[in-house]
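Thanks for making time this morning. I would like to walk you through one structure, going from the contact between its chains outward to the cores and the sheets, and I will try to keep to what can be read from the coordinates.

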Amino acid sequence: MAVKTMEVTLNPLALSSGWYQDTATGQWYYCDEEGKRYIYVAGYLYPAVAWEPAPKVVNVRHGDTLRIDVSFKYSGPAKTCKLRGVIGNLRTVWPYDFDEVIYAHSPSFTIPESTDPVIQNRSVSISIITALAAGKHYSIYAKLENGIGFKEGETGSVALRDAVFVVSAEPTFTEFKITDYKKV
Amino acid sequence: MAQVAEIFLIEAPAEAAAGSRVDIRVHIKSNASTWAGIRVGGALEYGVSPWPGITFPNNWANFPPGESYYFEGYFTMPDKKVTIHAYSYYYADGRWHFDDEKTRDIKLAELVPILSEFKITDYRKV
């Protein structure tokens, strides 16, 4: 087994396939041929969240609320769960996973029983608090909880990188310039 | 013992989920020495009365002597175990005569939760 040790110079979004070990903690990780990363625990590989560039940037201020809408398909028995919405960062050290800063849960909801996959649409609202620093970009992701483990694309989303920008609450003047001058 | 239309097999899944469509095939062999008109029918036993029927879009055929044929039918799986009763009839003297019956049980399958295609569709300040 070819083992690659953690290297901080690695591009966190473009790892070559193989096993990796965090030499500080001893934790094992695996990166497959498609670049998907997994955490190794007790003989099992658990998928780590995948990253995509955010399709847009939403400007928020402290005190605002960010709503995240999700959709997914479900078939099976009636299931009660919650949606967890998270704002955070791409961790800048191995394993480059999602470093949660703030999160919120939706109220519990019950997905009705269905024998065929049915599209479900749900939302979770997150209050923007001062734990998020003004003047910084943050990423978001969402997943289902309550007895449903995380599996990207099935029970949780990819992480959307730099989806939110926290605008400073201080008065901000920019682009000040003289636009004209004339005798009056 | 069937005189003419012998049911020798009911093809059906061992189990099915409540509310799902169950497709079956009833195989019948003609024991007649000449061409025979043979019809199929079916009912579901699971605790309701009268027993609901099974739909057979084509429920009869003319069989050559000694030949076998199957009829396709379907029904919606109830929320409990069901016993299929398949019946055969042959045509003689201007009417259909009941001839044979076979049964087969279908267990109720437990639904397994399956999630897929989870994605963030939008996010915005509210």
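**Where the two chains meet**

Let me begin with a single pair of residues: Lys73 of chain A stands opposite Ser116 of chain B, the latter lying in strand E9 of chain B. Please keep in mind throughout that we are looking at a predicted model. The pair belongs to a longer ladder, since E8(A) and strand E9 of chain B, residues 114-125, run antiparallel and are joined by nine bridges. As a general reminder, strands of a sheet pair through backbone hydrogen bonds, in either the parallel or the antiparallel sense.

How many residues does each chain bring to the contact? Chain A contributes 30 residues and chain B contributes 19 residues. On the chain A side, the strands that each supply at least two residues are E7 (58-60), E8 (65-76), E12 (114-127), E13 (137-145) and E14 (159-166). Of these, E8(A) gives the most, with twelve residues. By character, the side of chain A that touches chain B divides into 13 nonpolar, ten polar and seven charged residues.

**The cores**

Some of these strands come back when we turn to the largest nonpolar core, which has 33 residues, and in which Ile68(A), Ile140(A), Tyr141(A), Ala142(A) and Val164(A) have the most contacts. Both chains take part in this core: E8, E9 (79-90), E12, E13 and E14 of chain A, together with E9 of chain B, each supply at least two residues. What does Ile140(A) touch, leaving aside residues up to four places away in sequence? Its partners are Ile68(A), Val86(A), Ile87(A), Leu160(A), Ala163(A) and Val164(A) and, from the other chain, Tyr123(B). Apart from the largest core lies another, of 25 residues, which includes Val26(B), Ile54(B), Val82(B) and Tyr89(B). In soluble globular proteins, nonpolar side chains do tend to be buried together.

**Chain B**

Chain B has nine strands and zero helices. Buried residues account for 30% of its 126 residues, and, among contacts between residues at least 6 apart in sequence, 64% join residues at least 24 apart. Five of the strands of chain B form an open sheet, in the order E2-E8-E7-E4-E5 and with mixed pairing. Its edges are E2 (15-17) and E5 (60-63) of chain B, each of which pairs on one side only, and the twist averages 35° from one strand to the next. Within that order, E7 (residues 82-92) and E8 (residues 95-109) of chain B are paired in the antiparallel sense over eleven bridges, and Tyr91(B) has Trp96(B), in E8(B), as its bridge partner.

**Two hairpins in chain A**

I will finish with strand E3 of chain A, residues 28-31, whose covered face carries Tyr29(A) and Cys31(A) and whose uncovered face carries Trp28(A) and Tyr30(A). That fits the general pattern, in which the side chains of a regular strand alternate between the two faces of the sheet. E3(A) pairs antiparallel with E2(A), residues 18-21, over four bridges, and here Gly18(A) stands opposite Cys31(A). Six residues lie between the strands of this hairpin, in which Gly26(A) takes a positive phi near 85°. E3(A) also runs antiparallel to E4(A), residues 37-41, with three bridges joining them, and Tyr29(A) stands opposite Ile39(A). In this second hairpin there are five residues between the strands, and Gly35(A) takes a positive phi near 90°.

Terms used: Residues numbered from 1 in each chain as written. Chains lettered and ligands numbered in written order. Predicted model: local features only at pLDDT ≥ 70, side-chain atom pairs only at ≥ 80, totals over all residues. Pairing = 2+ DSSP bridges. Axes fitted to C-alpha atoms, helices over the stretch in contact; angles between N-to-C directions. Buried ≥ 20, exposed ≤ 12 C-beta atoms within 10 Å, placed from the backbone. Contact = placed C-beta atoms within 7 Å. Nonpolar A, V, L, I, M, F, W, Y, C, P; charged D, E, K, R; others polar. Core = buried A, V, L, I, M, F, W, Y, C linked by C-beta atoms within 7 Å.
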